Amino acid sequence: MFQCFFCQRAQQSCSSSRASPELSQECPAEMVKMTRSKTFQAYLPNCHRTYSCVHCRAHLANHDELISKASSFQGSQGRAYLFNSVVNVGCGPAEERVLLTGLHAVADIYCENCKTTLGWKYEHAFESSQKYKEGKFIIELAHMIKDNGWE
């Protein structure tokens, strides 16, 4: 199956942020190609700039899903970017952490292929000014590379 979720976003709506074989029937436009024979499951479109895992090159996010790369987003290994949605990541249990912007309930996210911890998902923000982060993902720059058309 080959489709570009990001080019067809206006035509279809999909609430899932994590790709899996079971989702391909519910939401066929979520990823370009799904296969069980490859090392990772979701392939983002080559027609868009993407971010991939620096360790195994699994696709992680489309540039169009980037919300912010402000210097205020810091991970344990330096700067990080905030994304609306990501693919090929697993999510650990949520826990409360005091971050630079206050108390949040976050869950670590890891690459489904190589199991490297990449960042976290904001599950709950306790301060009203931080509510926009809920359901969003942080990926540290140290764990991702740019792919497809960045020149």
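Start by selecting K115 and E112, whose side chains meet in a salt bridge with 3.5 Å from N to O. The model on screen is predicted. E112 counts as partly exposed because its relative accessible area is 27%. Keep K115 selected and look at the backbone: K115 sits in the turn of the hairpin formed by β9 and β10, where its phi is positive, about 70 degrees. There are 5 residues between the two strands of this hairpin.

**The hairpin strands**

Next, select residues 117–125, which make up strand β10. β10 runs antiparallel to β9, and 7 bridges join the two. To find one of the paired positions, select H104 together with its bridge partner in β10, A125. Strands of a sheet pair through backbone hydrogen bonds, in either a parallel or an antiparallel sense.

Now add residues 137–140, strand β11. β10 and β11 pair over 3 bridges, again in the antiparallel sense. Select W120 and the residue it stands opposite in β11, I138.

**The charged network**

Which residues are joined into one network by salt bridges that share partners? Select E95, R97 and D108. The closest N and O atoms of E95 and R97 are 2.8 Å apart, and those of R97 and D108 are 2.7 Å apart. R97 therefore takes part in both salt bridges, because a side-chain nitrogen of Lys or Arg within 4 Å of a carboxyl oxygen of Asp or Glu is what counts.

R97 lies in strand β8 and D108 in strand β9 (residues 102–111). The two are 11 residues apart, and their pair links distant parts of the chain.

Colour the three by accessibility. E95 is partly exposed because its relative accessibility is 41%. R97, at 22%, is also partly exposed, and D108 is partly exposed at 30%. By the rule used here, the salt bridges in the model come to 5.

**A nonpolar patch**

Stay on β8, which covers residues 89–99, and select V98. Is V98 buried or exposed? V98 counts as exposed because its relative accessibility is 71%. Add L103 and F126 to the selection: with V98 they form a nonpolar patch on the surface. Together the three residues have about 280 Å² of accessible area.

**The three-stranded sheet**

Move to the open sheet of 3 strands, whose order is β4-β3-β12 and whose pairing is antiparallel. The edge strands to select are β4 (59–62) and β12 (144–147), each of which pairs on one side only. On average, neighbouring strands of this sheet are turned by 30 degrees against each other, direction ignored.

Then select residues 50–53, strand β3, which pairs with β4 over 3 bridges in the antiparallel sense. One of the positions to inspect is T50, whose bridge partner in β4 is N62.

**The cysteines**

Finish with the cysteines. How many disulfides does a search of the whole structure find? The search finds 0. Select C114, which is in no disulfide, and the nearest cysteine sulfur, that of C53, 3.7 Å away. That distance is not within the 2.5 Å required, so the pair does not count as a disulfide. C114 is partly exposed because its relative accessible area is 28%. As a last selection, take C91, which counts as partly exposed because its relative accessibility is 35%.

Definitions and conventions:
Residues numbered from 1 in each chain as written. Predicted model: local features only at pLDDT ≥ 70, side-chain atom pairs only at ≥ 80, totals over all residues. Heavy atoms only, no water. Buried < 20%, exposed > 50% of the residue type's maximum accessible area, 1.4 Å probe, protein only. Patch = residues over 30% accessible without salt bridge, like charges linked within 9 Å, V, L, I, M, F, W, Y side chains within 5 Å. Areas by Shrake-Rupley, 256 points an atom, 1.4 Å probe, with all protein chains shown as cover. Helix = DSSP H or I, 4+ residues; strand = E, 2+ residues; numbered from the N terminus. Pairing = 2+ DSSP bridges. Axes fitted to C-alpha atoms, helices over the stretch in contact; angles between N-to-C directions.
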